[in-house]
Amino acid sequence: MEAITQEILDAYEITLNGKSDLIQLIKTCWKESRPLRIVTFNPEMLIACEKDTSFKKAIQTANLIIPDGIGIVLLLQKLGVKSVCRQPGIELAWAALKEAI
C-alpha cells in the first residue's frame, strides 16, 4: 500500500490515506523492520516551521505527515482536495498499539 499525498505550501507532503490504510502502512513497516516517522501536523506546527528551519526540516523528512488539526484539513479543502479527513494522532497511535498486541 502506498501513501496518497498532497503537497501544500510548496513544502509539505500531507498524507491523505484514511486510518485503516495508515494502520496497514504501519503494520507493513513493522513486519519489514523499517523505520517509520509519523508527524501529526496541525496549524501551530505549520506556524512554528516558518520560524524554525530545523523544525521545518524535521517535519519535511517524516515518512508520513498526517492532518491532525482541523486547520490543516480546511487548508487542504481550500486547495481543492475533496476527500480529506482529520486523523488525530492519539487515535492513530491507539489503533496502531491495539494492532501490535
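# Exercises on a predicted protein model

At 54% relative accessibility, Glu 50 counts as exposed. That residue gets us going; keep in mind that the model is predicted.

**Exercise 1. Place Glu 50 in the chain and list what Glu 50 is in contact with.**

Step 1: Look up the element. Glu 50 sits in helix H2, which covers residues 43-51.

Step 2: Check the label "exposed". The cut-off for exposed is over 50%, and Glu 50 has 54%, so the label fits.

Step 3: Set aside the neighbours within four places in sequence. What's left for Glu 50 is contact with Tyr 12 and Lys 56.

**Exercise 2. Work out the order of helices and strands in the protein chain.**

Step 1: Count the elements. You should find five helices and four strands.

Step 2: Walk along from the N terminus. The order you meet is β-β-α-β-α-α-β-α-α.

**Exercise 3. Does the radius of gyration of the protein chain agree or disagree with that of a compact globule?**

Step 1: Get the expected value. For 101 residues, a compact globule would come out near 13 Å.

Step 2: Compare. The protein chain has 13 Å, so the two agree.

Step 3: Add the box. Along the principal axes, the C-alpha atoms fill roughly 40 × 30 × 20 Å.

Step 4: Look at burial and contacts. Of the 101 residues, 37% count as buried. Among contacts with a separation of 6 or more, 58% come from residues 24 or more positions apart.

Step 5: Finish with the surface. The chain exposes about 6,300 Å², and carbon and sulfur atoms supply 55% of that.

**Exercise 4. How far apart are the mean positions of the positive and negative charges?**

Step 1: Count the charges. There are 12 positive and 12 negative ones.

Step 2: Take the mean position of each set. These two points are 3 Å apart.

**Exercise 5. Find the aromatic pair and decide: stacked, edge-to-face or tilted?**

Step 1: Know what to look for. A pair of aromatic rings is described by the distance of the centres and the angle of the planes.

Step 2: Count. There's one aromatic pair. Its rings belong to Tyr 12 and Phe 41, with centres 5.1 Å apart and planes at 40°.

Step 3: Apply the cut-offs. Under 30 degrees would be stacked and over 60 edge-to-face; the angle here is 40°, so the pair is tilted.

Step 4: Find the partners in the chain. Tyr 12 belongs to strand E2 (residues 12-15) and Phe 41 to strand E3 (residues 38-41), so to speak two distant parts of the chain, 29 residues apart, linked by the pair.

Step 5: Check burial, where the cut-off is under 20%. Tyr 12 has a relative accessible area of 1% and is buried; Phe 41 is buried too, with 0%.

**Exercise 6. Is Thr 15 buried or exposed, and what is Thr 15 in contact with?**

Step 1: Thr 15 lies in strand E2.

Step 2: Its relative accessible area is 1%, so Thr 15 is buried.

Step 3: Leave out the neighbours within four places in sequence. The contacts of Thr 15 then include Ala 3, Ile 4, Thr 5 and Leu 22. Leu 64, Ile 65, Ile 66 and Pro 67 are also on the list.

**Exercise 7. Describe Leu 79 and Val 84, both placed in the loop between H4 and H5.**

Step 1: Fix the loop. Leu 79 sits between helix H4 (70-78) and helix H5 (89-100), and Val 84 is found in the loop between H4 and H5 as well.

Step 2: Compare the labels. Leu 79 is partly exposed at 46%, whereas Val 84 is buried at 10%.

Step 3: Set sequence beside space, C-alpha to C-alpha. Leu 79 and Ile 101 are 22 residues apart in sequence and 39 Å apart in space. Val 84 and Ile 4 are 80 residues apart in sequence, yet 11 Å apart in space.

Step 4: List the contacts of Val 84, leaving aside neighbours within four places in sequence: Leu 16, Pro 67, Val 73, Leu 76 and Gln 77.

**Exercise 8. What is the sign of phi in Leu 9 and Ser 33?**

Step 1: Recall the usual case. Most residues other than glycine have a negative phi.

Step 2: Read the values. Phi is near 55° in Leu 9, a positive value, and phi of Ser 33 is also positive, near 55°.

Step 3: Place them. Leu 9 is in the loop between strand E1 (5-8) and E2, while Ser 33 is in the loop between helix H1 (19-31) and E3.

Step 4: Check exposure. Leu 9 counts as exposed at 51%, and Ser 33 is exposed with 67%.

Note on methods
Residues are numbered from 1 along each chain as its sequence is written. This is a predicted model: local features need pLDDT of at least 70, side-chain atom pairs count only at pLDDT 80 or more; totals for chains, interfaces and linings use all residues. Side-chain values use heavy atoms; hydrogens and water are left out. The radius of gyration is taken over C-alpha atoms; the globule rule is 2.2 Å times the number of residues to the power 0.38. Buried means under 20% relative accessible area, exposed over 50%, partly exposed in between (1.4 Å probe, protein chains only). Contact means heavy atoms within 4.5 Å. Accessible areas come from the Shrake-Rupley method with a 1.4 Å probe; for residues, only the protein chains shown count as cover. Lys and Arg count as positive and Asp and Glu as negative; His and the chain ends are not counted. The place of a charge is taken as NZ of Lys, CZ of Arg, CG of Asp or CD of Glu. Rings of Phe, Tyr and Trp (its six-membered ring) pair if their centres lie within 6.5 Å; planes under 30 degrees apart count as stacked, over 60 as edge-to-face and the rest as tilted.
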